[in-house]
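Good morning, colleagues. I would like to take you through one structure today. Please keep the display in view as I speak.

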Amino acid sequence: MVSLALWAVAAAMPMPPAAVQGQGEKAVLPASYFEGRWAFVEDTCNLASNWTLLAGGNFISDDLIGSWQWNGTQLRLNLTDLAVDEETGEKGGRFQMEGPVIDHQPDQFTLVIEPDHYKMKRCE
């Protein structure tokens, strides 16, 4: 009877608002984790195409501008592509990317936007 009562209390306890996977444990990431300059893990940190996520939600890259939001489970990028297509001459447009963050470490995370996994590393 006691174990049933303990289970009922545990089931009624609220879960953390936003848990993401990281090194085998679940941890809540604050939005400030994403602030700074990020590069794809296979790239160097001196490329103009690297992502800069500013406090307050602004996103800057070589050919992309926009905003970013972290809701505790999903990273959302609302972007405008400033590049002109070399073949068609058409300007890029607005688009949105949103997905969960997995496998985060202090200086690296993976943003999942199925079917792609964007592996990012922090730049200094």
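I shall begin with the overall architecture and then turn to individual residues and pairs.

Please bear in mind throughout that this is a predicted model. The protein is built from one helix and ten strands. Read from the N terminus, the order of elements is α-β-β-β-β-β-β-β-β-β-β. There are 124 residues, and 27% of them count as buried. The surface that the protein exposes comes to about 8200 Å², with carbon and sulfur atoms supplying 55% of that area. As for the contacts with a separation of 6 or more, 36% are between residues 24 or more positions apart.

Let me turn to the salt bridges. How many does a search of the whole structure find? The search finds two. One of them joins E98 and R76, whose closest N and O atoms are 3.2 Å apart. E98 belongs to strand 8 and R76 to strand 7, so this pair ties together parts that are 22 residues apart in sequence. Both partners reach the surface in part: E98 has a relative accessibility of 30% and counts as partly exposed, and R76, at 28%, is also classed as partly exposed.

The side chains of D107 and R122 meet in a salt bridge as well, with an N to O distance of 3.2 Å. Here distant parts of the chain are linked: D107 sits in the loop between strand 8 and strand 9, which spans 108-113, while R122 is in strand 10, residues 116-123, and the two are 15 residues apart. D107 is partly exposed at 45% relative accessibility. R122 is likewise partly exposed, at 25%.

Staying with charge, I would draw your attention to the surface patch of negative charge where D85, E86, E87 and E90 gather. D85 is located in the loop that runs between strand 7 (74-81) and strand 8 (94-105). Why can D85 belong to such a patch? Its relative accessible area is 37%, and membership requires over 30% together with the absence of a salt bridge.

I move now to the interior, and to W38 in particular. W38 lies in strand 3, residues 36-40. Is W38 buried or exposed? It is buried, its relative accessible area being 0%. W51 is 13 residues away along the chain, and the C-alpha atoms of W38 and W51 are separated by 5.1 Å. If we set aside residues up to four places away in sequence, the residues that W38 touches include Y33, N50, W51, L53, F109 and M120. Among the others are D107 and R122, the two partners of a salt bridge that I described a moment ago. C123 is also one of the residues that W38 touches.

That brings me to C123 itself, which is found in strand 10. With 7% relative accessibility, C123 counts as buried, because the limit for that class is under 20%. Beyond its neighbours within four places in sequence, C123 is in contact with R37, W38, A39, C45 and N50. Its C-alpha atom is 9.9 Å from that of F40, although C123 and F40 are 83 residues apart in sequence.

For a residue in a loop, consider L54, between strand 4 (51-53) and strand 5 (58-60). L54 is partly exposed, with a relative accessible area of 33%. Leaving out residues up to four places away in sequence, L54 touches E35, I60 and W68. For L54 and E35, the C-alpha separation is 5.3 Å, and the two are 19 residues apart in sequence.

Finally, two points of backbone geometry. Where is the cis peptide bond in question? It joins E114 and P115, with omega at about 5°. P115 is placed in the loop between strand 9 and strand 10. The other point concerns D103, which has a positive phi of about 50° although it is not a glycine. D103 is found in strand 8, and at 35% relative accessibility it counts as partly exposed.

That concludes the presentation, and I welcome your questions.

Notes. Residues are numbered from 1 along each chain as its sequence is written. This is a predicted model: local features need pLDDT of at least 70, side-chain atom pairs count only at pLDDT 80 or more; totals for chains, interfaces and linings use all residues. Side-chain values use heavy atoms; hydrogens and water are left out. Patches are made of residues with over 30% relative accessible area and no salt bridge: like charges are joined within 9 Å, nonpolar side chains (Val, Leu, Ile, Met, Phe, Trp, Tyr) within 5 Å. Accessible areas come from the Shrake-Rupley method with a 1.4 Å probe; for residues, only the protein chains shown count as cover. A salt bridge is a side-chain nitrogen of Lys or Arg within 4 Å of a carboxyl oxygen of Asp or Glu. Lys and Arg count as positive and Asp and Glu as negative; His and the chain ends are not counted. The place of a charge is taken as NZ of Lys, CZ of Arg, CG of Asp or CD of Glu. Helices (H or I, at least four residues) and strands (E, at least two) are DSSP runs, numbered from the N terminus. Buried means under 20% relative accessible area, exposed over 50%, partly exposed in between (1.4 Å probe, protein chains only). Contact means heavy atoms within 4.5 Å.
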